[in-house]
Amino acid sequence: MKKRTTVYEDRAAKEEARKKKRQEQIEKHLVVCPHCGEKVLDHMTKCHKCGGKLVPRGYTPMDEKKVKIIRGVFWGVTLAVIAVTFLVVMLYK
Ligand SMILES: [Zn+2]
């Protein structure tokens, strides 16, 4: 015979199971930092504790040069849009 549980007990059990599952998912992605031994997530490029460089699993991070170019283009476009908006507002006021 199945043990009778209240709605609240069921909810608590479900919540507990969800937490456990989440913890298992996180633990699957934990690796040990070769520099300090701290547990870090496997996608990280830098250790959060010692700042040591890590090799992320599954993908290769974009190189710094490319990131700088993309950032430059982003800010260039953003400033151009702001400048044009400002000019349009000033001209048609
Ligand atoms: Zn570390």
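Is C50 buried, partly exposed or exposed? At 38% relative accessibility, C50 counts as partly exposed. I begin with this residue since it belongs to the zinc site, the main subject of my talk. Please bear in mind throughout that the model before you is predicted.

Let me turn to the metal. The zinc ion is coordinated by four sulfur atoms, the SG atoms of C33, C36, C47 and C50, at 2.3 Å. What is the arrangement of the donor atoms around the zinc ion? The angles subtended by the four donors run from 105 to 112°, and the arrangement is therefore tetrahedral. Along the sequence, the spacing of the donor residues follows the pattern C-x2-C-x10-C-x2-C. Within this set, C33 and C47 link distant parts of the chain, being 14 residues apart. C33 lies in the loop between β1, residues 30–32, and β2, residues 39–41. C47 lies in the loop between β2 and α2, the latter spanning residues 64–91.

As to solvent accessibility, C33 is buried, with a relative accessible area of 2%. C47 is likewise buried, at 3%. Both values fall under 20%, which is why the two cysteines are classed as buried. C50, at 38%, counts as partly exposed.

With several cysteines in view, one may ask how many disulfides the model holds. The count comes to zero. For the record, a disulfide is a covalent bond between the sulfur atoms of two cysteines.

I now move to distances along the chain. C33 and L54 are separated by 21 residues in sequence, while their C-alpha atoms are 7.3 Å apart in space. V32, for its part, is placed in strand β1 and, at 54% relative accessibility, counts as exposed. From V32 to L91 there are 59 residues in sequence and 60 Å in space, again from C-alpha to C-alpha.

L54 brings me to my last topic, the largest pocket. Which residues line the largest pocket? The lining consists of T45, K53, L54, V55, P56, P61, M62, D63 and E64. By character, these residues divide into five nonpolar, one polar and three charged. The space in the largest pocket amounts to about 170 Å³.

To close, I return to the zinc ion: its donors are the SG atoms of C33, C36, C47 and C50, in a tetrahedral arrangement. Thank you for your attention.

Methods. Residues numbered from 1 in each chain as written. Predicted model: local features only at pLDDT ≥ 70, side-chain atom pairs only at ≥ 80, totals over all residues. Heavy atoms only, no water. Disulfide = S-S within 2.5 Å. Buried < 20%, exposed > 50% of the residue type's maximum accessible area, 1.4 Å probe, protein only. Donors = N, O, S within 2.8 Å, 3.2 Å for Na, K, Ca; no water. Tetrahedral: all angles 85-135°; square planar, octahedral: opposite > 155°, others 65-115°. Helix = DSSP H or I, 4+ residues; strand = E, 2+ residues; numbered from the N terminus. 1 Å grid on protein atoms, 1.4 Å probe; cavity = no way out; pocket = protein on both sides within 12 Å on 5 of 7 lines; lining within 4 Å. Points joined across faces, edges and corners; volume = space filled by probe spheres on them. Nonpolar A, V, L, I, M, F, W, Y, C, P; charged D, E, K, R; others polar.
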